[in-house]
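Colleague: I have a model open and would like to learn how to read it. Could you walk me through it, one feature at a time?

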Amino acid sequence: MNRLDTPTAPTAGPGLRLRRATLQARWFKPMLFMLGLLPLASLVWRALTVQLGANPEQTLIWTTGLWALRFLLLTLAITPLRKLTGWAELARLRRMFGLFAFTYALLHFTCYLWLVNGFSVDAVLKDVVKHPFVLAGMTALVLMLPLAATSTNGMIKRLGAVRWQALHRLVYAVAIIAVFHYWWGKLAKNNTVDPKIYATMLGVLLAYRVAKVWQTRRRNVGPRRAAARI
């Protein structure tokens, strides 16, 4: 077993047992689900009470997009956290976070289509030509569609584990495009501080993924070479 696949967290101790008990508790996942709805509930409340600021349309669009990106990065962080801590229970949260990312991305696009373009396809197409970051955002959303559609246990069985995993590697492309979309959108406002933070987070997660693949291949090369010499 390579180092990346080996849990680095201690295997005993009251602190670890307490954390794992929390992850295994029946109330933990529903609680996270409710927390995931809080950004949306906050936006609805602020809209009803006229507290979205001087530009409510922009507030709705940017906030839903930002939460989509946050949940997307959180989804990617589940596997590294699971490997590094040894908490296998984290895996059951990945699907939920991924669906939250898709939901907020869909809300982000809906707000843009409605509040900026009045549901006009022609206006959207003109925006795509004028602003490439809009095309990037739409591309990320389209790539998320098959991921959301195949997130059920039934679809995993229909596709088979190998094909399902291959399809869901699209999430890395989605994350790269989404960060690019966010960065370029902020670049127009000469404010790339936040995009740099999210880009750094994504860079760390991608570096972990690359290192894991490299170490796995390196581990498998040894036995193949030994067999070739026999």
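**Reading the model**

Modeller: Start with burial. Of the 230 residues of the protein, 34% count as buried. Keep in mind that this is a predicted model.

Colleague: How many helices and strands are there in the protein?

Modeller: There are 10 helices and 0 strands. Read from the N terminus, the order of elements is α-α-α-α-α-α-α-α-α-α.

Colleague: What share of the contacts with a separation of 6 or more joins residues 24 or more positions apart?

Modeller: The share is 69%.

Colleague: Next, the interior. Which residues have the most contacts inside the largest nonpolar core?

Modeller: The general idea comes before the case. In soluble globular proteins, nonpolar side chains tend to be buried together. Here, the largest nonpolar core has 36 residues, and Leu-69, Leu-72, Leu-93 and Phe-97 have the most contacts inside it. At least two residues of this core come from each of helix 2 (28-48), helix 3 (56-85), helix 4 (91-116), helix 6 (132-149), helix 9 (170-187) and helix 10 (193-229). Helix 3 gives the largest share, with 9 residues.

Colleague: What does Phe-97 touch, leaving out residues up to four places away in sequence?

Modeller: Phe-97 touches Leu-32, Phe-71, Leu-74, Thr-75 and Ile-78. There is also a second, separate core, of 10 residues. Among them are Leu-43, Leu-60, Ile-61 and Val-128.

Colleague: Now helix packing. At what angle do the axes of helix 5 and helix 6 cross?

Modeller: The axes of helix 5 (residues 121-130) and helix 6 cross at roughly 115° and come within 5 Å. The class from 65 to 115 degrees is roughly perpendicular. Helix 5 and helix 6 are therefore roughly perpendicular to each other.

Colleague: Which residues make the contact?

Modeller: On helix 5, Val-124, Asp-127, Val-128 and Lys-130. On helix 6, Pro-132, Val-134, Leu-135 and Met-138. By class, this contact has 6 nonpolar, no polar and 2 charged residues.

Colleague: On to polar contacts. What does the side chain of Thr-85 reach at 2.6 Å?

Modeller: Thr-85 lies in helix 3. Its side chain reaches the backbone oxygen of Leu-81 at 2.6 Å. The side chain of Thr-85 also reaches the backbone nitrogen of Trp-87, at 3.2 Å.

Colleague: Then the backbone. Which residue in the loop between helix 2 and helix 3 has a positive phi?

Modeller: Again, the general idea leads. Most residues other than glycine have a negative phi. In this model, Val-50 has a phi near 55°, a positive value in a residue other than glycine. Val-50 sits in the loop between helix 2 and helix 3. At 73% relative accessibility, it counts as exposed. Phe-119 also has a positive phi, about 60°, although it is not a glycine. Phe-119 is found in the loop between helix 4 and helix 5. With a relative accessible area of 49%, Phe-119 is partly exposed, because the exposed class needs over 50%.

Colleague: And Gln-51: where is it found?

Modeller: Gln-51 is in the loop between helix 2 and helix 3. It counts as partly exposed, at 46% relative accessibility. The side chain of Gln-51 makes a polar contact with the side chain of Thr-49, at 2.7 Å. Apart from neighbours within four places in sequence, Gln-51 is in contact with Trp-45 and Arg-46.

Conventions:
Residues numbered from 1 in each chain as written. Predicted model: local features only at pLDDT ≥ 70, side-chain atom pairs only at ≥ 80, totals over all residues. Heavy atoms only, no water. Core = buried A, V, L, I, M, F, W, Y, C linked by side-chain atoms within 4.5 Å. Buried < 20%, exposed > 50% of the residue type's maximum accessible area, 1.4 Å probe, protein only. Helix = DSSP H or I, 4+ residues; strand = E, 2+ residues; numbered from the N terminus. Contact = heavy atoms within 4.5 Å. Polar contact = N/O pair within 3.5 Å; in protein donor to acceptor, adjacent residues only side chain to side chain. Axes fitted to C-alpha atoms, helices over the stretch in contact; angles between N-to-C directions. Parallel < 35°, antiparallel > 145°, perpendicular 65-115°, else oblique. Nonpolar A, V, L, I, M, F, W, Y, C, P; charged D, E, K, R; others polar.
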